[in-house]
Amino acid sequence: MTVTTQKGGPLEGLKTWLIGPRLHTADAPHQTIGKAIGLAVFASDALSSTAYATDEILFVLILAGAGALTFSLPIAIAIIILLAIVTISYEQTIHAYPGGGGAYIVARDNLGEVPAQIAGAALLTDYILTVAVSISSGVAQITSAFPALYDLRVVIAVSLVAFMMMVNLRGVKESGRAFAIPTYFFLAATLFTIAVGFFRYFTGTLDQVTGVETIHETAQGLSVFLILRAFSSGCAALTGVEAISNGIPAFREPKSRNAGITLVWMSAILCVMFFSVTFLARHIGALPSHTETVFSQLGRVIYGDDTQPYLILLGSTTLILIMAANTSFADFPRLSALQAADGFLPKQLTYRGSRLVFTYGIVALAGFASLLIVIFGAKTNSLIPLYAIGVFLSFTLSQAGMAVRWWKSGQLQPGEEQKQIASVLHHDPKWKLKLVVNGFGSVCTAIVMVIFAVTKFVNGAWVVVILIPILVLFFLRIHHHYGELAADLSLDSFGTPPRLKRHRVLVPIGGVHRGTLLALHYARAVSNDVTAVYVAVDPAEEQKLRDKWDIWGDGVRLHVIHSPYRLLYEPLLEYIQMIARQRQSNEILTVVVPEFVPAKWWHNLLHMQTALLLQLGLLGVKDVVITEVPYHVGKE
């Protein structure tokens with residue numbers, strides 16, 4: 001017997017108003033995006049970095065005096081060369097791994113489990129920092145134009161994170177459409193400003209900036225170390241470059257081609273904007289300031305104070321910096337879902353919500369980013385030292401993994417295949433060239449990562465240097481727990497199916513394992529009328545369960561509820577309430593819930609609390625008994 005449900009819970013109306021109506025599982029292929037929307041969704045982080053990357057270079061160079069600011073342009077050119085190397089490398093990654101996942105998948109396939117978790121920790125940290133940095137930088141643009149709001153910057157920033165969370169809960173396609181307009185508005189305003197700036201430069205009418213309240217730090221001598229430190233700070237311009245390789249599944253077919261073209265578009269635009277902003281900033285005498293950004297100084301010189309074009313420029317910059325957080329909201333949930341599916345993060349992160357997005361991942365990202373904003377007072381300059389180490393660590397692991405992949409490809413004979421976890425490896429006649437490209441890129445990004453870690457260590461980079469290993473250990477402990485749990489629940493060495501007395505109760509099941517059999521054993525010991533209830537959200541998983549049930553179900557009825565909208569508890573509650581309404585006046589309905597009890601209390605956070613949720617949902621239903629059948633797993 002099968003039932004299909006489409007109704008939601010009592011809060012469905014509010015949820016629909018906030019994030020839109022539920023999407024059917026079958027609608028997933030129609031939620032993909034094209035190149036134009038893809039540029040807005042995945043490139044906004046990288047493009048927006050032009051609004052603060054030049055500032056970060058100047059913040060360091062000013063320590064050697066105003067004369068040292070002339071080094072900003074050579075440093076920007078070096079960063080652009082590095083960007084070209086990274087872009088070429090990731091373009092290869094996109095075609096080699098069309099399923100997405102970026103550095104995590106590449107490292108998992110080619111370098112092993114621990115490097116993959118290092119890449120995952122680096123990327124997740126980067127995505128959280130991206131939201132905090134982007135939103136904080138956007139608020140800095142607002143306070144540049146309206147200084148009276150400076151003391152409210154933390155409240156404004158946290159409110160914007162909450163807004164971004166709500167928009168992204170509506171789905172990738174809808175959030176992409178919403179953010180495409182601000183992204184292209186920023187591009188138009190910035191490129192127009194750059195064009196006017198160059199026109200005034202070549203006609204000799206580009207003035208010097210005045211009235212800037214610059215920073216006052218202890219003077220240092222100009223040294224190689226200082227220039228390297230400025231270079232590492234400016235490398236914030238490369239953040240977000242990997243985003244497209246992580247989000248390939250979001251693109252329309254042909255996915256790899258569309259993602260690759262979008263990556264090239266993004267890098268070309270980024271190079272032009274970053275070079276131009278740094279060039280013009282140098283010639284107007286822009287100064288680093290906590291109260292006025294370089295973009296604001298450029299706008300004042302080119303358009304004049306408080307003119308409409310100036311306000312449009314700052315308005316568009318503020319929007320793109322806020323929208324840049326959308327890149328992380330698109331990629332953090334996908335990556336966390338991949339790691340959760342591999343058993344290194346809580347399984348709840350794999351759950352797709354009513355709008356086919358990874359709801360728990362989006363909410364977790366918003367929470368962590370808001371915490372950082374509060375701790376660091378929404379100051380971009382305080383957050384930047386934490387920022388780029390994770391970016392360049394993921395760059396390095398991704399390219400090193402690709403280099404290993406090409407080397408393996410070269411060892412295969414033409415026509416020979418080698419199955420990997422996420423791809424199939426073939427012989428590539430150009431493997432030597434690709435090996436050189438990725439190997440060289442890996443060395444370059446590794447050098448930059450070391451430079452960043454050394455030059456920014458005392459300014460806060462030590463936090464990330466310590467945090468990433470801690471996160472990796474945390475991931476490995478979660479994986480160890482899930483491994484022990486799978487072994488404890490395994491039927492491989494369990495013996496023959498138990499012959500038990502017949503008992504009719506409702507037994508909600510999420511799979512067929514030892515905990516399920518123990519619950520069935522209990523149910524049949526007290527009744528002869530037993531029905532197992534399974535909510536199916538995936539046809540493949542349903543078939544696997546049916547196959548196991550044929551072996552281990554021992555004749556117990558299996559009632560399957562199809563849930564195309566991926567609801568889990570609502571259809572189960574509806575079914576139980578329906579059975580309760582049909583029962584005789586002297587009949588009591590018993591729901592036996594198998595619950596495994598981990599050895600450590602905190603392991604409970606990694607599992608759904610089914611019995612508790614059912615108890616809360618059935619509080620108002622008379623004569624319905626919820627019984628938990630605990631199955632203790634792990635060692636005490």
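**Figure 1. Crossing of helices α5 and α17 in the predicted model.** Helix α5, spanning residues 72-96, and helix α17, spanning residues 388-411, have axes that come within 10 Å and cross at roughly 55°. Because this angle falls outside the ranges counted as roughly parallel, roughly perpendicular or roughly antiparallel, α5 and α17 are oblique to each other, and their crossing is left-handed. On the α5 side the contact is made by Leu82, Ile85, Val86, Ser89, Tyr90, Gln92, Thr93 and Ala96, which meet Phe392, Ser394, Phe395, Ser398, Gln399, Met402, Arg405 and Trp406 of α17. Sorted by class, the residues of this contact comprise nine nonpolar, six polar and one charged.

**Figure 2. Packing of helix α13 against helix α14.** The axes of α13 (residues 294-303) and α14 (residues 308-341) lie 9 Å apart, and the two helices pack at an angle of about 160°. Since an angle over 145 degrees counts as roughly antiparallel, α13 is described as roughly antiparallel to α14, with a crossing that is right-handed. Phe295, Ser296, Gly299, Arg300 and Tyr303 are the residues of α13 in this contact, and they meet Pro309, Tyr310, Leu313, Leu314 and Thr317 of α14. Six of the contact residues are nonpolar, three are polar and one is charged.

**Figure 3. Surroundings of Leu206 in the loop between α9 and α10.** The loop that holds Leu206 joins α9 (172-202) to α10 (224-234). Leu206 has a relative accessible area of 13%, and because the cut-off for buried is under 20%, this loop residue counts as buried. When residues up to four places away in sequence are set aside, Leu206 touches Gly197, Arg200, Tyr201, Leu280, His283, Ile284, Val301 and Ile302. The C-alpha atom of Leu206 is separated by 9.5 Å from that of Val196, a residue ten places away along the chain.

**Figure 4. Ile135 and the largest nonpolar core.** The largest nonpolar core contains 144 residues, and the members that touch the most other members are Ile135, Leu238 and Phe392. Helix α7, covering residues 113-145, supplies the largest share of this core, with 14 residues. Leaving out residues up to four places away in sequence, the residues touched by Ile135 are Ala157, Leu160, Val161, Met164, Leu321, Ile322, Ala325 and Ile373. A second core, separate from this one, has 21 residues, including Leu491, Val505, Ile509 and Trp549. Phe392, named above among the core members with the most contacts, also belongs to the α17 side of the contact with α5.

Technical notes. Residues are numbered from 1 along each chain as its sequence is written. This is a predicted model: local features need pLDDT of at least 70, side-chain atom pairs count only at pLDDT 80 or more; totals for chains, interfaces and linings use all residues. Side-chain values use heavy atoms; hydrogens and water are left out. A nonpolar core is a set of buried Ala, Val, Leu, Ile, Met, Phe, Trp, Tyr and Cys residues joined through side-chain atoms within 4.5 Å. Buried means under 20% relative accessible area, exposed over 50%, partly exposed in between (1.4 Å probe, protein chains only). Helices (H or I, at least four residues) and strands (E, at least two) are DSSP runs, numbered from the N terminus. Contact means heavy atoms within 4.5 Å. Axes are lines fitted to C-alpha atoms, for helices over the stretch in contact, and angles run from 0 to 180 degrees between N-to-C directions. Angles under 35 degrees count as roughly parallel, over 145 as roughly antiparallel, 65 to 115 as roughly perpendicular and the rest as oblique. A crossing is left-handed if the near helix is turned anticlockwise from the far one by less than a right angle, and right-handed if clockwise. Ala, Val, Leu, Ile, Met, Phe, Trp, Tyr, Cys and Pro count as nonpolar, Asp, Glu, Lys and Arg as charged, and the others, Gly among them, as polar.
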